[in-house]
Amino acid sequence: MILPLVAVIRIRTLEGRHIALWVPLFLIWLLLLPFAVVLTPIFVIVCLAVGVDPFQAIAAFWRIFAAFCGTHVEVDSPNATVFVHVY
Amino acid sequence: MSENRKQILEMLAQGKITADEAERLIAALESAPLSSASSSASPRAAEVLAKPAPKYLRVQVDAGGKFGTDKATKVNIRVPMALIRAGVRLGGLIPQEARDRANAAMRAKGMDFDLNSIKPENLEEIVRQLDDLEITVDEDKAKVRIFAE
């Protein structure tokens, strides 16, 4: 299971303006990687303190993030239309 | 044990199919693809086996004419079932003490639900049962529909 790589956001405003954004999530993951490395020991200590297997916990969080692939949100209101799709 | 074989045995245990049908299904699974297995079993067993597990949970809201305008506001959300699976797995890691507290809090609010009953082992069954789920709320100003697809 791989993490979502791109999110597409499209917004249409009341004035008829169209905004389309391709958000490169893989860049966000890369930016967060150093923080994750720094926070991992703390996370492991907390997991051990509460009696949770840290490897299972990391795997569970990984699955949560990976499972966002395919999420689709569409809101069509009189004021604006918003479309979000995670790839 | 393969997923299909496990499913057949579960249906047998639940009494949805007879031992004879289970034997025929397993034999068909071993010798032929799923499509031919479906034809030799009872319609219910064949239907359950042939039906693919739902991939998404969809929530559709149609708030017609709200917010002071004639145009309806429509919301369409599609959540992958994998997210629900991952959530249940994450829930399985919650310490027992915390789960007991959550159960007690829900009971206090009138929800008699045991979080301990949701286990990763039951996950596939839960997701498969969601396939039959369809909630439709139809009111004057809004319609809400929740279903698996």
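Start by selecting chain A and looking at its contacts: of those with a separation of 6 or more, 45% are between residues 24 or more positions apart. What you have open is a predicted model, and the predictor gives the complex an ipTM of 0.81 and a pTM of 0.66.

**Chain A from end to end**

Colour chain A by secondary structure and you should find two helices and four strands. Follow the chain along its sequence and the order is β-β-α-α-β-β. Chain A has 87 residues, and 3% of them count as buried.

**The hairpin of chain A**

Now select residues 6-13 and 18-24 of chain A, which are strands β1 and β2. These two strands pair antiparallel, with seven bridges between them. To see one of these pairings, pick A:V8 and look across to its bridge partner in β2(A), A:W22. Next, move to the turn, where four residues lie between the strands. Among the residues of this hairpin is A:G16, with a positive phi near 90 degrees. Is β2(A) tucked away or in the open? None of its seven residues is buried, so this strand lies largely in the open.

**The bent helix**

Continue to residues 25-50 of chain A, which form helix α1. Put a distance between its end C-alpha atoms: they are only 31 Å apart, although a straight helix of these 26 residues would reach 38 Å at 1.5 Å a residue. Where does α1(A) bend? Select A:L39, where the helix bends by about 40 degrees. Within four residues after that point comes a proline, A:P41. Show the surroundings of the helix too: α1(A) is hardly covered, with zero buried residues among its 26. Just past its end sits A:G51, whose phi is positive, near 80 degrees.

**Over to chain B**

Switch the selection to chain B, which has seven helices and four strands. From the N terminus on, its elements run α-α-α-α-β-β-α-α-α-β-β. Buried residues make up 9% of its 149 residues. For contacts in chain B between residues at least 6 apart in sequence, 50% join residues at least 24 apart.

Before going further, colour chain B by pLDDT. Its mean is 76, and 79% of its residues reach 70 or more. Which element of chain B has the lowest confidence, and which the highest? Helix α3, residues 34-40, is lowest with a mean of 47, while β2(B) is highest at 92. Zoom in on residues 33-38 of chain B: the pLDDT there is below 50, and in the model this stretch has eleven contacts beyond near neighbours in sequence.

**Where the chains meet**

Finally, show both chains together. The contact involves 20 residues of chain B and 20 residues of chain A. On the chain B side, select β2 (73-80) and α5 (81-91), each of which supplies at least two of the touching residues. The largest share, eight residues, comes from β2(B). Colour that side of chain B by residue type and you will find twelve nonpolar, four polar and four charged residues.

For the last stop, select strand β3 of chain A, residues 72-76, together with β2(B). The two strands run antiparallel and are joined by five bridges. Which residue of β2(B) is the bridge partner of A:V75? Pick B:V75 and you have found that partner.

How values were computed: Residues are numbered from 1 along each chain as its sequence is written. Chains are lettered from A and ligands numbered from 1 in the order in which they are written. This is a predicted model: local features need pLDDT of at least 70, side-chain atom pairs count only at pLDDT 80 or more; totals for chains, interfaces and linings use all residues. Two residues are in contact if their C-beta atoms, placed from the backbone, lie within 7 Å. Ala, Val, Leu, Ile, Met, Phe, Trp, Tyr, Cys and Pro count as nonpolar, Asp, Glu, Lys and Arg as charged, and the others, Gly among them, as polar. Two strands pair if DSSP finds at least two bridges between them. pLDDT is the predictor's confidence in each residue, from 0 to 100. The expected span of a helix is 1.5 Å times one less than its number of residues. The bend at a residue is the angle between axes fitted to the seven residues ending there and the seven starting there. A residue is buried if 20 or more other C-beta atoms lie within 10 Å of its own, exposed if 12 or fewer, and partly exposed in between; C-beta atoms are placed from the backbone.
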